[in-house]
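Notebook open, viewer loaded. I want to go through the strands and the charged side chains today.

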Amino acid sequence: MDELMRQRRVYGTDHDDPHPGPRPGHDYRELVGGPLDGLLLDVTGWSDEALREGAGLVTEIGAYGPGGRAEYGPRSPDGHQWDWRGDVR
């Protein structure tokens with residue numbers, strides 16, 4: 001795992017977590033754009049279908065505040081970057 005990846009925070013980790021970065025043996029996607037820009041999403045164990053579809057991730061900092069979701073999906077079929085598609089309720 002390169003140094004840049006070790007410094008990144010994983011979506012869903014607590015802000016006071018002493019080890020908020022990626023863990024060995026896990027598979028991650030980089031979130032690009034939107035309210036979760038720069039975070040890593042742990043997709044370890046996700047099905048191929050789920051990886052193609054993307055995800056709606058709960059966030060309080062999106063357009064809809066608490067309870068809202070930020071939609072992210074793959075930039076390319078085999079890419080490790082997921083682009084923001086917009087915020088939803």
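I began with alanine 55 and looked up its bridge partner in β4, which is tyrosine 72. Worth writing down at once: this is a predicted model.

**Entry 1: β3 and β4.** I followed that pair outward to the two strands. β3 and strand β4 (residues 69-74) run antiparallel, and four bridges join them. Next I checked how β3 is covered. Ala55 and Leu57 make up its covered face, while Gly56 and Val58 are on the uncovered one. I reminded myself of the general rule here: side chains in a regular strand alternate between the two faces of the sheet.

**Entry 2: the sheet as a whole.** In what order do the five strands come? I read it off as β2-β1-β5-β4-β3, an open sheet with mixed pairing. β2 (40-42) and β3 (55-58) are the edge strands; each has a single partner strand, so one side of each lacks a neighbour in the sheet. I also looked up the twist: on average, neighbouring strands of this sheet are turned by 40 degrees against each other, direction ignored.

**Entry 3: β1 against β5.** I moved along to this pair, which runs parallel and is joined by three bridges. Glutamate 30 has glutamine 81 as its bridge partner in β5. I kept glutamate 30 on screen, since its side chain comes up again in the next entry.

**Entry 4: salt bridges.** How many salt bridges does the structure hold? I count three.

- Glutamate 30 and arginine 8 meet through their side chains at 3.0 Å, N to O. The two are 22 residues apart and link distant parts of the chain: glutamate 30 sits in strand β1 (residues 28-32), arginine 8 in the loop between α1 (3-7) and β1. Glutamate 30 is partly exposed at 22% relative accessibility, whereas arginine 8 is buried at 16%.
- Aspartate 27 and arginine 29 form a salt bridge at 3.1 Å, N to O. I get 30% relative accessibility for aspartate 27, so it counts as partly exposed; arginine 29, at 9%, counts as buried.
- Aspartate 83 pairs with arginine 75, and their closest N and O atoms are 2.7 Å apart. Aspartate 83 is partly exposed at 23%, and arginine 75 is partly exposed too, at 46%.

**Entry 5: aspartate 87.** This one made me stop. It is found in strand β5 (residues 81-88), and it is buried yet has no salt bridge. Where is the nearest side chain of opposite charge? I found arginine 89, 11 Å away. A salt bridge needs nitrogen and carboxyl oxygen within 4 Å, so a side chain 11 Å away doesn't qualify.

What does the side chain of aspartate 87 have for polar company? I noted two items. One of its polar atoms lies 2.8 Å from the backbone nitrogen of alanine 63. Its side chain also makes a polar contact of 3.1 Å with the side chain of tryptophan 84.

Last, I listed what aspartate 87 touches, leaving out residues up to four places away in sequence: Pro35, Gly62, Ala63, Tyr64, Arg69 and Ala70. Ala63 is thus on the contact list as well as supplying that backbone nitrogen.

Methods:
Residues numbered from 1 in each chain as written. Predicted model: local features only at pLDDT ≥ 70, side-chain atom pairs only at ≥ 80, totals over all residues. Heavy atoms only, no water. Buried < 20%, exposed > 50% of the residue type's maximum accessible area, 1.4 Å probe, protein only. Lys, Arg positive; Asp, Glu negative; His and termini not counted. Polar contact = N/O pair within 3.5 Å; in protein donor to acceptor, adjacent residues only side chain to side chain. Contact = heavy atoms within 4.5 Å. Pairing = 2+ DSSP bridges. Axes fitted to C-alpha atoms, helices over the stretch in contact; angles between N-to-C directions.
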